[in-house]
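Trainee: I should like to take a close look at one part of this model, namely its sheet and the helices that lie on it.

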Amino acid sequence: MTARERPLVGVTMGDPGGIGSEIIVKAAPQVTDDADLVVIGDADVVRDAVAQCESDLTVEGVDTVADVRVDPSTLSVLDLDNVASLAHGEIDEAYGRASLEYIERAIELAIEGDIDAIATAPIHKQATARAGSEFAGHTGMLAAYTETDNYSMMLIEGGLRVTHVSTHVPLREACDLVTTENVLDTITVTAQGLHDLGIDDPTIAVAGLNPHAGEGGLLGTEDDDAIEPAVEQACEAGIDAEGPIPPDTVYVKAAAGDYDCVVSMYHDQGHIPIKMLGFDSTDTVSGVNMTVGLPIIRTSVDHGTAFDIAGQGIASESSMVDAIRTAARVAVERA
């Protein structure tokens, strides 16, 4: 860990036209006991967010992370100065390119040990695609840049945690990705991620793919042919795993504390229960997305760019607060 009293978390600004800079500005004063922050983005965009949020923070552009000062009234920005003009709520190729540059710089800093962890604000997938990115989101990009083959998205909301065998792929393709190898790999990195969170002896539930986990083959064979062997091999390797468990009940059990995490078979299977817990009627959004299996630490908010409210200073910072605190917690655990 860097030679600081608290972990140094690099927070990428996300799409300049979205709510990333706003939620960073609103979250910063709430995490001063947990982490030192450096925003990796555009200082002028962050200054605009300070004005929109009517914050008392002073934005200080820095050239290197060594220049970051510990001052609760100051928000340090590693200023890439790559936003020529600001328009909220628009899908813009230039904004997509800028948000990719923030991520690339953060990865470089984390690999070099200049920052202890990364917390990411949301990017817009259409904007990054227009900018030429081959990746559907942060996760694949982080894995490619760190040369990581076995990784997974872990979502955290209160006591419920879920990981995924597949994420941003069509549902038809997701079913084909439910193989013994892929499920076992996800169970393995899930166990590693739970250790990073300070859970020494985790218990992992593995969701079935089909209704009633296949009902003995009557409702599909993937549960018996692919998922059950993966669970057995994980148990033989010393991991406390159980499954396949019918997906319509396993998340209720995990939320009640019976399991430390649920390995989900595809994107929506894991996301829906998390977002049912993390999104409330007041538009407050909580929850954390943590990429497990990487050599570096990365967490993220569990929502998108919210173009419809960007620039108004009203976006909820709860998920960003959670993301920064989780990143700092893992940094301390790994240290």
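Trainee: In which sense, and over how many bridges, do strand E6 (residues 152-157) and strand E11 (residues 288-292) pair?

Mentor: E6 and E11 pair in the antiparallel sense, over five bridges. Within this pairing, Ile156 has Val288 of E11 as its bridge partner. The model is predicted, so local features require pLDDT of at least 70 and side-chain atom pairs pLDDT 80 or more, whereas totals for chains, interfaces and linings use all residues. Numbering starts from 1 along each chain as its sequence is written, and side-chain values use heavy atoms, without hydrogens or water.

E6 and E11 belong to an open sheet of 12 strands with mixed pairing, in the order E3-E4-E2-E1-E5-E12-E11-E6-E7-E10-E8-E9. Strands pair if DSSP finds at least two bridges between them; strands (E, at least two residues) and helices (H or I, at least four) are DSSP runs numbered from the N terminus. Strand E3 (58-62) and strand E9 (240-245) form the edges, each pairing on one side only. From one strand to the next, the twist averages 25°, with angles running from 0 to 180 degrees between N-to-C directions of axes fitted to C-alpha atoms, for helices over the stretch in contact.

Both E6 and E11 are touched by helix H5 (residues 138-145), which packs on the sheet and also touches strand E5 (117-120) and strand E12 (298-301); contact means heavy atoms within 4.5 Å. The direction of H5 makes about 165° with that of E12. Helix H7 (residues 180-196) likewise lies across E6 and E11, together with strand E7 (160-164), strand E8 (203-207), E9 and strand E10 (261-264). H7 runs at about 150° to E8.
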